[in-house]
Amino acid sequence: MEPPNRHRPADPESIAAAVECVVGELAASLGVEVRTSVAPVDDRHVAALFASEAELVARAIERRRAEFATGRFLLRRLLAIDGPIGRTALGAPMVPPGEIVSLAHDRQVAVAVATTDASIAGVGVDVEPMQPLEAAMVRTIRRPDDDLDEPLAVFVAKEAVYKSWSAPGRRILEFHDVRLRRAADALGTLFSAHVAEDGSVIPVAVASAGDRWVALAARAVSG
């Protein structure tokens, strides 16, 4: 099963616009209210980092610093924060109480989502450019009983699910710890992710944005 490919961007700004469009569509399909901010990865944001933020990536390669800085730029814009955004022990951004956020990026585009919905315990977003995967990687990512055939789409969906599920004290999930079951929706973008660790069932939506897969997951407070 492959969701419809409706956007075919050709440049970083168009890629960002397509990703933002699809994240909005996925949020609507999940029935959750999230704010979204997307931008091309740009090393010019590195100069705008606060000193404490720059220290977090001081030893990182130039590309990684650009990705980190673009993510902080998006969060400041999304949350109206005029100050440094730290990092938790698990690597998640330290944001004001009541804000639930997730970040994702590839080499060209970064995306941030945030919600203050009291019914949501965690959100997760992921984005990856479409590319073939080696057979060994496919076996690592996709379970035989996953209801999604495209391996990279499975990867993106499960990454989003893990981000929404993770919390202090929770272990890192393996890909086979999550089983994707198709939900009944017109576009075929909706799935329920069954997490073997604790029996959680997390709704996740995945679709294509031009030459990228994008996924959004939202874990309910009771999930």
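Start with the rings: by the rule used here, there are 2 aromatic pairs to find. That rule pairs the rings of Phe, Tyr and Trp (its six-membered ring) if their centres lie within 6.5 Å, and calls planes under 30 degrees apart stacked, over 60 edge-to-face and the rest tilted.

Before you click, two notes on the model. This is a predicted model, in which local features need pLDDT of at least 70 and side-chain atom pairs count only at pLDDT 80 or more, while totals for chains, interfaces and linings use all residues. Residues are numbered from 1 along each chain as its sequence is written, and side-chain values use heavy atoms, with hydrogens and water left out.

**Stop 1: the aromatic pairs**

Select Phe 155 and Phe 175. Their ring centres are 5.4 Å apart and their planes sit at 35 degrees, so this pair is tilted. Phe 155 belongs to helix α5, Phe 175 to the loop between α5 and β5, and the pair links parts of the chain 20 residues apart. (Helices, H or I with at least four residues, and strands, E with at least two, are DSSP runs numbered from the N terminus.) Are these two rings buried or exposed? Both Phe 155 and Phe 175 are buried, where buried means under 20% relative accessible area, exposed over 50%, and partly exposed in between (1.4 Å probe, protein chains only).

Now add Tyr 162 and Trp 165, another tilted pair, with 6.4 Å centre to centre and 40 degrees between the planes. These two are 3 residues apart in helix α5, so about one helical turn separates them. Colour them by accessibility: Tyr 162 is partly exposed at 23% relative accessible area, whereas Trp 165 is buried at 1%.

**Stop 2: the sheet of 5 strands**

Show the cartoon and look for an open sheet of 5 strands in the order β4-β8-β7-β6-β5, with antiparallel pairing. At its edges are β4 (120-129) and β5 (178-182), each pairing on one side only. From one strand to the next, the twist averages 25 degrees. Two strands count as paired if DSSP finds at least two bridges between them.

Zoom in on β7 (residues 201-209) and β8 (residues 212-220), which run antiparallel and are joined by 6 bridges. To see one of them, select Val 206 and its bridge partner in β8, Ala 215. Next bring back helix α5 (residues 151-165), which packs on the sheet and touches β4, β5, β6, β7 and β8, its direction making about 150 degrees with that of β4. Touching here is contact, that is, heavy atoms within 4.5 Å. For the angles, axes are lines fitted to C-alpha atoms, for helices over the stretch in contact, and angles run from 0 to 180 degrees between N-to-C directions.

Helix α1 (residues 12-30) lies across β4, β6 (190-195), β7 and β8, at about 35 degrees to β8. Within α1, pick Ile 15; this residue is buried, with a relative accessible area of 5%. Draw a distance from its C-alpha to that of Leu 30, 15 residues along the chain, and you should get 22 Å.

**Stop 3: the sheet of 3 strands**

Move to the open sheet ordered β1-β3-β2, where the pairing is antiparallel. Its edge strands are β1 and β2, each pairing on one side only. The twist here averages 10 degrees from one strand to the next. Between β2 and β3, 6 bridges make the join; for one to look at, try His 105 and its partner in β3, Ala 110.

Helix α3 packs on this sheet, touching β1, β2 and β3, and its direction makes about 145 degrees with that of β1. It covers residues 62-79, 18 residues in all, and reaches 26 Å from first C-alpha to last, close to the 26 Å expected (1.5 Å times one less than the number of residues). Its buried residues include Phe 68, Arg 72, Leu 75 and Leu 79. Among the elements covering the buried residues of α3 are β1 (35-40), α2 (51-56), β2 (100-105) and β3. Just after α3, check Ala 80 for its positive phi of about 55 degrees.

**Stop 4: Thr 115**

Finish in strand β3 (residues 109-115) at Thr 115. This residue is buried, at 2% relative accessible area. What does its side chain reach at 2.9 Å? The backbone oxygen of Glu 33. The same side chain also reaches the backbone nitrogen of Asp 117 at 3.1 Å. Beyond its neighbours within four places in sequence, Thr 115 has contacts including Val 34, Gly 98, Ile 100 and Val 123.

Definitions and conventions:
A polar contact is a pair of N or O atoms within 3.5 Å; within protein, one must be able to donate a hydrogen and the other to accept it, and residues adjacent in sequence count only if both atoms are side-chain atoms.
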